[in-house]
Amino acid sequence: MAKINIREIIGSKSEGINAHMFSVDALCKGFDTNVDTGLTEEQAKENLKKYGPNKMKNMPECNMVRRDNEWKKIMTEDLVPGDIVEAFSGNFEPICGDIRIVKIFEPVHVESYFLYKDCLNFLKEMTVEQTSEDPIETSNLIFHGTSVFAGNCIGIVFQTGENMLLSDVSHDLLATPAFADSDDEEHEGFWKRLGHGILNMFKSKKEDESHEVEVTYHKDTIEKVCETYNTDVNKGLTAEQVAINQEKSGKNKNFGEYVKIQNYTRCKRDGEFQNILSKGLTIGDIISLKAPQIVPADIRIVEASEDCKVNKSGLTGESESQKVSVENTHANPLETENVAFASTKITTGTCTGIVVNVGKSTIIGRLAGLSSTLY
């Protein structure tokens, strides 16, 4: 895929943006607004006359804004610079204006393949403070055409309509492209054939039969887990071990129709951490996760920060995030602190774990397989 030249596509549009450089008070004064109460209807009418309607394709009909000290639903084409809006994850509507962040309630990560291609999973953590003079590089601006992956914030709309930074960028360029099963498909042939051959040498008829395996990875020592999955916490898997383990476990996919796993995971192989396609993970891989990442496979925790927590609501129904640690705190693997499961979400902190199940063998993969047999 050809490298995207952002500057060439957006042209000189970024050169006129300075909303990230002003203080919040100065910005409010410039747009005749107030962060706490928003525009008055009279001020909104004046700004609509001044800046024009917010007419763009593929935007929702209505938008929530703060006006006259209360949240109101307005027509999206009536959104104007100076409006106070809330941006948060879980709101599946597109961002309808370019926004300067003024308050953050939960850490905000914005997703954009087009703008943040060099960030892991194209996620950038945002701040209230200006972090660069360049409006594309600073962390206190959110642009139409991006989406809030995690967090919650309030901002001032500073551009709408054709004036928005990405208004001329096609949907095809803004959308995250589909990724192949492996970024090494063309070069993995030798190791894959070798792994397949080694396994066939020792495979018996009995091993071909499907059977349930008792879950013990939360009870076993880390040394025992490493021995079971032929791995090393400090070095990770070698290329040869990856091939052998992938032959055993299969690809890390087929979790079910509604489960989204992020494209890339930070994984230690041959002694070094590297960003690999999550679909290429295998049992024994050593992976490092940081909030707000979605856990890409079932993992046994080997290291965790004090503040590390995971949201398991999709599996257990618990709405509150649960602590993550290296300790085995419960006989049930779903309840213990030293295991995190595919499709759950790290909400705070960081952790490192050994992959113990991938794809169809994960808890969520098994549930998906079970549900498919009910129809």
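In this predicted model, lysine 72 and aspartate 68 meet side chain to side chain in a salt bridge, with 3.3 Å from N to O. Aspartate 68 has a relative accessibility of 35%, so it counts as partly exposed. Lysine 72 also has a second partner: its side chain meets that of glutamate 41 in a salt bridge, again listed at 3.3 Å from N to O. This second pair links distant parts of the chain, with lysine 72 sitting in strand β2 (residues 70–75) and glutamate 41 in helix α3 (residues 41–51), 31 residues apart. Glutamate 41 comes out as partly exposed too, because its relative accessibility is 30%, and that value falls in between the cut-offs of under 20% for buried and over 50% for exposed. Zooming out a little, these residues belong to a network of salt bridges that links Glu41, Arg67, Asp68, Lys72 and Asp83.

How many salt bridges turn up in a search of the whole structure? The count is 9. One of them joins lysine 260 to glutamate 111, where the closest N and O atoms are 3.9 Å apart. Lysine 260 is in the loop between α8 (239–249) and β8 (264–269), while glutamate 111 is in strand β4 (residues 98–111), so this pair ties together parts that are 149 residues apart in sequence. Glutamate 111 counts as buried, because its relative accessibility is 18% and the cut-off for buried is under 20%.

Now for the protein as a whole. It has 10 helices and 16 strands, and 46% of its 375 residues are buried. Among contacts with a separation of 6 or more, 71% are between residues 24 or more positions apart. On the outside, the protein exposes about 19,800 Å², and carbon and sulfur atoms supply 49% of that area.

Helix α8 gives a closer look at burial. Gln241, Val242, Ala243, Ile244, Asn245, Gln246 and Ser249 are buried in this helix. Right after α8 comes glycine 250, with a positive phi near 80°.

What about empty space inside? Rolling a probe the size of a water molecule over the atoms shows where such space is left. The search finds 1 cavity of 30 Å³ or more, and the largest cavity holds about 30 Å³ of space. Its lining is made up of Ile9, Ile10, Lys13, Leu165, Leu166, Asp168 and Val169. Sorted by type, the lining has 5 nonpolar residues, 2 charged ones and no polar ones.

A few spots in the backbone also deserve a look. Most residues other than glycine have a negative phi, and most peptide bonds are trans. Asparagine 58 has a positive phi, near 60°, and is found in the loop between α3 and β1 (62–67). Phenylalanine 122 likewise has a positive phi near 60°, and its place is in the loop between β4 and β5 (123–125). Are these two residues buried or exposed? Asparagine 58 counts as exposed because its relative accessibility is 68%, whereas phenylalanine 122, at 3%, counts as buried. Finally, the peptide bond from alanine 291 to proline 292 is cis, with omega near 10°. Proline 292 lies in the loop between β10 (286–290) and β11 (298–304).

Note on methods:
Residues are numbered from 1 along each chain as its sequence is written. This is a predicted model: local features need pLDDT of at least 70, side-chain atom pairs count only at pLDDT 80 or more; totals for chains, interfaces and linings use all residues. Side-chain values use heavy atoms; hydrogens and water are left out. A salt bridge is a side-chain nitrogen of Lys or Arg within 4 Å of a carboxyl oxygen of Asp or Glu. Helices (H or I, at least four residues) and strands (E, at least two) are DSSP runs, numbered from the N terminus. Buried means under 20% relative accessible area, exposed over 50%, partly exposed in between (1.4 Å probe, protein chains only). On a 1 Å grid over the protein atoms alone, a cavity is a set of points where a 1.4 Å probe fits but cannot get out, and a pocket is an open set with protein on both sides within 12 Å along at least five of seven lines; lining residues have an atom within 4 Å of a point. Grid points are joined across faces, edges and corners, and a volume is the space filled by probe spheres set on the points. Ala, Val, Leu, Ile, Met, Phe, Trp, Tyr, Cys and Pro count as nonpolar, Asp, Glu, Lys and Arg as charged, and the others, Gly among them, as polar. Contact means heavy atoms within 4.5 Å. Accessible areas come from the Shrake-Rupley method with a 1.4 Å probe; for residues, only the protein chains shown count as cover.
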